[in-house]
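Ready for some practice in reading a protein model? Work through each task by yourself, then compare your steps with the solution.

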Amino acid sequence: MNIRNSTLSYSKFLNVLLFCFPVAYLAGNASLNVIIILSSIIGLIGFSKDIYVIKNESFFYLITFFFLTIIISTIIDSLSDPRNDHFFKSIAYLRYFFFFLVASYLVNSQKFNFKIFIISSLFCSVFLSLDIIFQFFYGVDLLGNKAYEKSNVHLAGFLKDDYIAGAYIQKFFIFGFIFFPFISNKLKKYKFVILIFLTVVFFLGILLSGNRMPIVMYIFSIFLMFILIKDFRLPLVIGLFFCSAIFIWSIINNQNLKDYYSSFYVNAKRIIYYVKTNAFQDYPKLEKQKGKYFESQAWIDKTIDYSGKFNTVILQDGTKYNIIPTFGSGHAVLYITALDLWMDNPLLGNGIKSFRVKCLDKIHLPSRACESHPHNYYLEILNDSGIIGAIIFLLLILIILKNKLYNLKTYKKEEKLFLVCMFIIIISEFFPLKSTGSFFSIQNSSYIFFILGMLSGLKKIKF
C-alpha cells in the first residue's frame with residue numbers, strides 16, 4: 001500500500017511539472033531547465049525499475065546511440081581543436097535523454113494526465129495570441145506593458161523583447177486545438193464555433209508577432225488537419241477563409257507588413273539557388289587569408305550584376321567573385337557555411353554547438369558567415385554529429401512512427417487523434433526547408449524530446 005501511494009505521489013508530482021512545461025517555455029531557459037532536471041530525477045527515482053523495461057524497445061537503442069554519438073564527436077574534435085571546450089556540454093545534454101525516457105514511460109503507463117497538459121497548452125497559446133492582437137491595436141499588452149521597438153513588424157506581448165511568440169503558438173496550439181472537446185462535454189456542443197475562433201485567433205497571433213516561418217508552418221499544419229481529420233474540415237475551411245481575408249486586408253493597409261512578407265517570399269525563392277551555386281566551392285587563392293573576413297580583403301563593386309542576384313567582388317590581384325547580397329534573412333550564407341563545415345568531418349561532425357567556433361575557419365571565403373548555429377535542424381545535426389548522428393536520429397523518428405502506425409487499428413478515437421497530432425507536429429517541426437532556432441538549444445531540445453517521448457509511449461489515453 002505504501003509503495004502504491006509513493007508511486008501515485010511521484011506520478012502526481014511529475015504531472016504538475018509537465019503541466020507547467022508550456023508555462024516554463026514562456027518563462028525562459030532557467031525555468032525549463034528546472035522542469036527538465038526535476039522531471040528526470042523524480043522519474044528515475046520513482047520509476048527506475050519500470051523505466052528500465054523501455055530498453056527492450058528498438059527506439060531505446062537508437063536514442064542511446066544518438067546521444068553517445070554527440071559525446072564521441074565532441075571528444076574527438078576537442079582532441080584536435082583546443083577551441084572545442086564543449087565536452088561538459090555534451091555530458092549535460094544527457095538530461096534530455098532522461099527527460100525522453102520519463103515522458104515515454106509516463107504516457108505508456110497511462111500515468112500522464114493529458115487533460116491538464118492540454119488545458120495548459122491551450123490557455124498559454126490563446127492568452128499569448130490575444131495579448132499580441134491587443135498589443136497590435138493598442139500599443140500595450142494585456143498586462144499594460146508597452147511594446148518594445150525592435151521593428152515595425154515584430155510584437156512579443158508580455159514576453160517583452162523575446163520575439164518567440166509566433167514560434168511558441170505554432171508549437172503548442174495543436175494540443176488544445178485538437179483535444180479541447182475532450183476537456184469538457186459542454187465544449188463539444190460549441191466545437192464548430194470554437195474551431196473557427198481558434199483558427200483565426202492563432203493565425204492573427206502568429207501573423208502579428210512577425211515570425212514568418214511559423215505562419216507558413218501554421219497554415220501547413222491546418223492543411224494537414226484538413227486532410228487527416230474529417231470532423232474538422234468545414235470549420236477549418238471557414239476559419240481559413242477569414243484568415244485569408246485578414247491577411248490580404250493587413251498587407252493592403254500596412255506597408256511594413258507588405259514589405260516584410262514580400263521579402264520573405266523573394267528570399268525563400270532564392271535560397272536554394274544560392275546554396276546550389278555557392279556550396280562546396282574551392283578557393284585555393286584565398287587560403288592565405290584564412291581567419292580574416294573575406295569582405296575586409298576585397299573591394300566590393302556596389303553595382304549588382306545583370307542577373308540581379310549577386311554583387312561583384314574584386315580582389316587586389318584582379319580576381320572577381322560573385323557573392324550573395326547582404327540584404328534578406330541571411331540564411332543562405334549560413335547554410336553554405338554549414339555544408340562546408342560538415343564536409344570537413346562528414347561521418348561524426350565537429351561536436352555539440354561547434355558551429356559558432358568552426359565557422360571562423362570559413363569566413364575568408366565569399367558568401368560565408370558566422371553565427372551561433374546554422375538555422376536549420378538538419379544542417380546543425382550534420383555539423384555537430386555527422387551523417388552517422390543524422391541517420392540515427394531520422395531512424396529514431398521513423399521507427400517510433402512506424403510502431404505507432406502499425407497498431408493504428410487497435411486505437412480508440414482519442415489515441416488516433418493524438419497520433420495525428422504528433423504526426424503533424426513532427427512534420428512541421430522537421431520540415432527540411434524550414435529555418436529554425438538551434439536544435440541543441442534548451443527550448444528546442446526540451447520540446448523535441450518531450451514530443452518524441454510522448455509519442456514513443458503512446459498506448460492508451462484517458463482524459
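**Exercise 1. Sort the residues that line the largest cavity by class: how many are nonpolar, polar and charged?**

Solution. Keep in mind that this is a predicted model.
- Step 1: List the lining, which is made up of Gln170, Lys171, Phe173, Ile174, Ser221, Ile424, Ile425, Ser428, Glu429 and Tyr447.
- Step 2: Sort the list, and you get five nonpolar, three polar and two charged residues.
- Step 3: Look for the helices involved; H8 (165-183) and H17 (413-429) each give the lining at least two residues.
- Step 4: Add the setting: the largest cavity holds about 50 Å³ of space, and the search of the whole structure finds four cavities of 30 Å³ or more.

**Exercise 2. Which residues form the nonpolar patch on the surface, and which helix gives the largest share?**

Solution.
- Step 1: Find the members, namely Phe223, Phe226, Ile227, Leu228, Val237 and Phe423, which together have about 500 Å² of accessible area.
- Step 2: Four residues of the patch come from helix H11 (residues 212-228), the largest share.
- Step 3: Now place Phe423, which sits in helix H17.
- Step 4: Phe423 has a relative accessible area of 31%, so it counts as partly exposed.

**Exercise 3. Which residues are linked in a network of salt bridges?**

Solution. Here is the idea to start from: side chains of opposite charge can pair when their charged atoms come close.
- Step 1: Take Asp77 and Lys358, whose side chains meet in a salt bridge at 3.0 Å, N to O. Asp77 is in helix H4 (residues 58-80) and Lys358 in helix H15, 281 residues apart.
- Step 2: Lys358 also forms a salt bridge with Asp81, with 2.7 Å between the closest N and O atoms. Asp81 lies in the loop between H4 and helix H5 (87-92), 277 residues from Lys358.
- Step 3: Check burial, which means under 20% relative accessible area. Asp81 is at 7%, so it is buried; Lys358 is at 9%, so it is buried too.
- Step 4: Move on to Arg83 and Asp361, which form a salt bridge of 2.9 Å, N to O. Arg83 is in the loop between H4 and H5, and Asp361 is in the loop between H15 and helix H16 (377-406), 278 residues apart.
- Step 5: Arg83, at 32%, counts as partly exposed, and so does Asp361, at 23%.
- Step 6: Put the pieces together: the network links Asp77, Asp81, Arg83, Lys358 and Asp361.

Conventions: Residues numbered from 1 in each chain as written. Predicted model: local features only at pLDDT ≥ 70, side-chain atom pairs only at ≥ 80, totals over all residues. Heavy atoms only, no water. 1 Å grid on protein atoms, 1.4 Å probe; cavity = no way out; pocket = protein on both sides within 12 Å on 5 of 7 lines; lining within 4 Å. Points joined across faces, edges and corners; volume = space filled by probe spheres on them. Nonpolar A, V, L, I, M, F, W, Y, C, P; charged D, E, K, R; others polar. Patch = residues over 30% accessible without salt bridge, like charges linked within 9 Å, V, L, I, M, F, W, Y side chains within 5 Å. Areas by Shrake-Rupley, 256 points an atom, 1.4 Å probe, with all protein chains shown as cover. Salt bridge = Lys/Arg side-chain N within 4 Å of Asp/Glu carboxyl O. Buried < 20%, exposed > 50% of the residue type's maximum accessible area, 1.4 Å probe, protein only.
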